[in-house]
Amino acid sequence: MLNKLPVAKAGMSAEELIAIARELGEMRFAPRSAEYDREAKFPTENYEDLRRAGFLALTIPAEYGGIGADFETYCRVSAELGRWCGATALTFNMHAQTTFWTGAMFDSLPIDDDVRATQNARRAKLYDCVVNGEGIFAQPFSEPNSAAAAGKAPFGTTARKVDGGWIVNGVKHFASLAGAASHYSMACTIETDEGDQRTKNAVYLCVPADADGFEIIGSWDPLGMRATVSMGLKMEEVFVPDDLELLPPGAYYRMALKWPHMFFTLSPSYMGLQQGAFDFTVKYLRGEVEGVTHKSRSIPAKQHAVSRMRLMLEQSRALFEMTISEAAYAPSKEARMRAYAAQHTIMEHAQEICALALRTCGGRTLLKSFPLERMYRESRCGSLMLPWTAEITEHRLGDESLYEPGEKRD
Ligand SMILES: Cc1cc2nc3c(=O)[nH]c(=O)nc-3n(C[C@H](O)[C@H](O)[C@H](O)COP(=O)(O)OP(=O)(O)OC[C@H]3O[C@@H](n4cnc5c(N)ncnc54)[C@H](O)[C@@H]3O)c2cc1C
């Protein structure tokens with residue numbers, strides 16, 4: 001028998017919101033996760049619960065009817081969701097970041113009053129479709145030419161300005177929530193009369209799922225994070241009205257430069273995932289998992305493994321907490337470097353902890369009747385997610401430790 005669903009409200013503390021996330025995750029998402037994973041099916045029922053609990057409006061500012069969670073609160077809530085269902089947390093991130101970027105993050109930018117007024121009017125309509133409607137946002141940035149999502153090249157998807165809107169053409173891949181989202185929030189390169197393409201000439205647009213010329217392409221049968229349903233998208237002469245311009249032209253590029261923590265928000269899902277694997281291991285070794293009641297906690301080798309898992313978990317958690325407390329417009333170089341280190345540590349530890357959890361609990365936990373083998377597969381995905389993959393964060397940590405901003409490379 002499920003408890004009555006708790007509902008989030010503006011003004012609630014982070015702890016109250018996390019408690020709701022825990023109830024949703026433990027009582028509803030965790031029991032459904034095996035089936036979604038097996039079928040590689042989007043967790044629609046989880047999203048119905050998230051909507052009823054008010055969580056789809058978590059990062060919508062309170063003056064627009066949302067919960068108004070700040071960056072730190074959002075990351076904590078997301079980590080709690082990831083503890084119970086990695087794929088739900090990861091897809092929820094794509095949705096919640098569209099409303100965070102256009103909301104609190106935009107508000108922190110120094111911007112002219114008239115541009116701000118236009119943005120306020122546009123986002124009011126956008127948020128209304130979540131607060132009072134069925135709106136769910138996907139956030140497809142990645143493209144087959146990955147340099148764009150890594151910030152090294154202009155997006156291949158283009159937007160041409162026409163009367164009353166934009167015409168979008170291009171292809172995205174790995175679009176989580178494909179087929180489930182009502183809107184697809186994507187960065188496009190603005191086509192200029194001169195035909196030159198520049199990284200900074202980007203506009204962040206919202207393509208409605210029912211737009212003419214919009215198509216979901218390819219298939220989806222991956223190793224892990226299967227319930228994210230991250231398929232390809234094709235846009236052929238898709239008209240996007242001005243009202244669905246999520247940010248004014250150029251604002252996305254400024255944010256990417258000045259708000260680096262915007263790219264940290266994949267980490268909370270994997271912070272939660274490693275906590276979930278640790279929790280399961282402790283329960284299993286204590287003989288508290290249904291169906292396996294023998295205790296093996298007194299074996300020194302198991303204790304040693306749990307100690308190693310805990311060391312990694314505490315290191316991840318410490319960096320996570322520090323990093324989310326430092327997120328802001330124009331953070332210090334130290335804070336930015338710490339965010340790279342945190343992302344790298346959390347993504348790598350997620351897979352190391354999950355691998356050790358399987359080895360320590362043993363062969364039975366390879367069975368799909370337990371959540372550990374799913375967590376193990378899901379944990380593999382984190383460090384290869386752009387733009388802050390393991391390689392890219394390692395490169396930046398080395399390069400930017402040795403060079404100050406603006407210094408010429410030798
Ligand atoms: C489950 C899942 C869900 C996803 N959901 C979304 C989503 O909703 N939206 C979205 O935009 N994307 C999403 N992605 C895509 C993801 O962020 C990456 O874009 C995708 O995994 C890239 O795969 P690729 O094979 O094209 O990698 P490539 O781009 O070919 O890169 C391969 C590896 O090369 C390394 N590399 C690439 N460029 C550099 C560089 N300049 N310097 C050093 N090393 C480099 C990277 O470490 C990378 O792991 C998702 C991915 C997964 C796995």
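**Group meeting: a walk through the predicted model**

Let me start at one residue, I190, which touches A159, N201, A202, V203 and P249 when residues up to four places away in sequence are not counted, where two residues are in contact if their C-beta atoms, placed from the backbone, lie within 7 Å. What we are looking at is a predicted model, in which local features need pLDDT of at least 70, side-chain atom pairs count only at pLDDT 80 or more, and totals for chains, interfaces and linings use all residues. Residues are numbered from 1 along each chain as its sequence is written.

I190 lies in strand 4, residues 183-190; strands here are DSSP runs of E with at least two residues, helices are runs of H or I with at least four, and both are numbered from the N terminus. Is I190 buried or exposed? It counts as partly exposed, because it has 19 C-beta neighbours inside 10 Å, and the cut-offs are 20 or more other C-beta atoms within 10 Å for buried, 12 or fewer for exposed, and partly exposed in between. I190 and A87 are 103 residues apart in sequence, and their C-alpha atoms are 32 Å apart in space.

Turning to the whole chain, the domain assignment, which is automatic or from a database, gives domain 1 (14-136), domain 2 (138-249) and domain 3 (259-402). The C-alpha centres of domain 2 and domain 3 lie 30 Å apart, and the contact takes 8 residues from domain 2 and 7 residues from domain 3.

Next comes the ligand. Which residues come nearest, of the 23 around the ligand? They are S142, S146, F174, S176 and T389, and a residue is near if its C-beta atom, placed from the backbone, lies within 6 Å. The shell around the ligand draws at least three residues from each of domain 2 and domain 3. Strand 3 (165-175) and helix 11 (390-402) each supply at least two residues of that shell, and the largest share, 3 residues, comes from helix 11.

Finally, let me turn to helix 9, residues 333-361, whose 29 residues should span 42 Å at 1.5 Å a residue, the expected span being 1.5 Å times one less than the number of residues. The end C-alpha atoms of helix 9 are 41 Å apart, which agrees. Just after helix 9, G362 takes a positive phi of about 105 degrees.
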